[in-house]
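Visitor: I'd like a close look at one small part, with the numbers behind each call. Could you start there and then work outwards?

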Amino acid sequence: MILEEFDSTVSAVINPDMVAKKIENFPEVTIACFSWELADSVLEAFPHTELCRLYSAVGTKQVYEINYKGERFAFYRCYVGEPPCVAEYEELMAMGSKRLILLGNCGVLDSNIEDCGIIIPTKAIRDEGCSYHYAPPSDTIEVNRKYRELFKEVLSDFGYSFVEGTTWTTDALYRETRKKVDRRREQGAVCVEMECAGMQALCDFRGTEFFQFFYAGDNLDESEWDPRSIAGNVKLDEKSRIILLAFELGLKIIAENK
């Protein structure tokens, strides 16, 4: 079967360092989100300069260097969907990124998880394709092994509650059928998104550090879909406070690695 053809050979026909140039003194921690509105709120709030650019057929994307409480961070808005999200971070790793903190919206499979509530994934169900090119075949992949407890300290410091659990990574958002939702819930999934499994597999394969957390959006745990705050401009003030948790985790990671 095609999804069982994992090849552990590191070098491929096309490698990221063929298209991405190394950047000296790349910031120790990279932070990324998916929302245009949320990314703009960060750039409006903090001093920043252009660090580099990512190029693709759909346009040019800027990656910024941001100063947050005296520390340098790389920051960018990443693509939604696993293949482009993985591919652009391949290039950023070739440029010098060592650690990525990724945050974004997710759908909840448990209506008890409040809108914009924080979710820390511990495992991802691999209902997609990209991760199978970076890790041997399996139904799940463990995620957030290294900095989970450190992030809980951040949440405690700022008074946030959270939910831990399995996430369902799928690359077919319009095929989240009721039968599949029920099956994933039986497998322990508390939320659904489109990138986590592949991003963890990528970073494991390349030997870089990765941490992802979510803020809850739409609710799939009802007879009819409830979009809640899935739109980027809904509850933007609250989401703008949530993204600061990523920078606070970054400060702790930088301090721990000095």
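Is N112 buried or exposed, and what is its relative accessible area?

Guide: N112 is exposed, with a relative accessible area of 68% (buried means under 20%, exposed over 50% and partly exposed in between, with a 1.4 Å probe and protein chains only). A quick caveat before we go on: this is a predicted model, so local features need pLDDT of at least 70 and side-chain atom pairs pLDDT 80 or more, while totals for chains, interfaces and linings use all residues. Numbering runs from 1 along each chain as its sequence is written, and side-chain values use heavy atoms, with hydrogens and water left out.

So much for the setup; back to the loop. N112 sits between β5 and β6 (strands are DSSP E runs of at least two residues and helices H or I runs of at least four, numbered from the N terminus). Its C-alpha atom is 9.1 Å from that of D221, although 109 residues separate N112 and D221 along the chain.

The loop between β5 (99–108) and β6 (118–127) also holds D115. Unlike exposed N112, D115 is buried, at 17% relative accessible area. The D115 side chain meets K235 in a salt bridge, 3.1 Å from N to O (the cut-off is a Lys or Arg side-chain nitrogen within 4 Å of an Asp or Glu carboxyl oxygen). K235 is in the loop between β10 (209–219) and α6, 120 residues from D115, so this pair links distant parts of the chain. At 38%, K235 counts as partly exposed.

From that second loop we can move on to α6 itself. Helix α6 (residues 236–256) and helix α1 (residues 36–45) have axes that come within 10 Å and cross at roughly 65° (axes are lines fitted to C-alpha atoms over the stretch in contact, with angles from 0 to 180 degrees between N-to-C directions). That makes α1 roughly perpendicular to α6; the bins are under 35 degrees for roughly parallel, over 145 for roughly antiparallel, 65 to 115 for roughly perpendicular, and oblique for the rest. On the α1 side, E37, L38, S41 and V42 make the contact, and on the α6 side L236, K239, S240, I243 and F247 do (contact means heavy atoms within 4.5 Å). The buried residues of α1 are L38, A39, S41, V42 and L43. They pack against α6 and also against β1 (29–33), β2 (48–56), β3, β4 (71–77) and β10.

Now to set the K235–D115 pair in context: the whole structure has 18 salt bridges. One of them joins E88 to K61, with the closest N and O atoms 2.8 Å apart. E88 belongs to helix α2 (residues 82–95) and K61 to strand β3 (residues 59–68), 27 residues apart. Both ends are tucked away: E88 is buried at 5% relative accessibility, and K61 is buried at 6%.

Another salt bridge brings E164 and K152 together at 3.1 Å, N to O. It ties strand β8 (residues 162–170), where E164 lies, to helix α3 (residues 148–157), home of K152, across 12 residues of sequence. Here E164 is partly exposed at 32%, whereas K152 is buried at 18%. Finally, a network of salt bridges links E28, K98, R99, K146 and E209.
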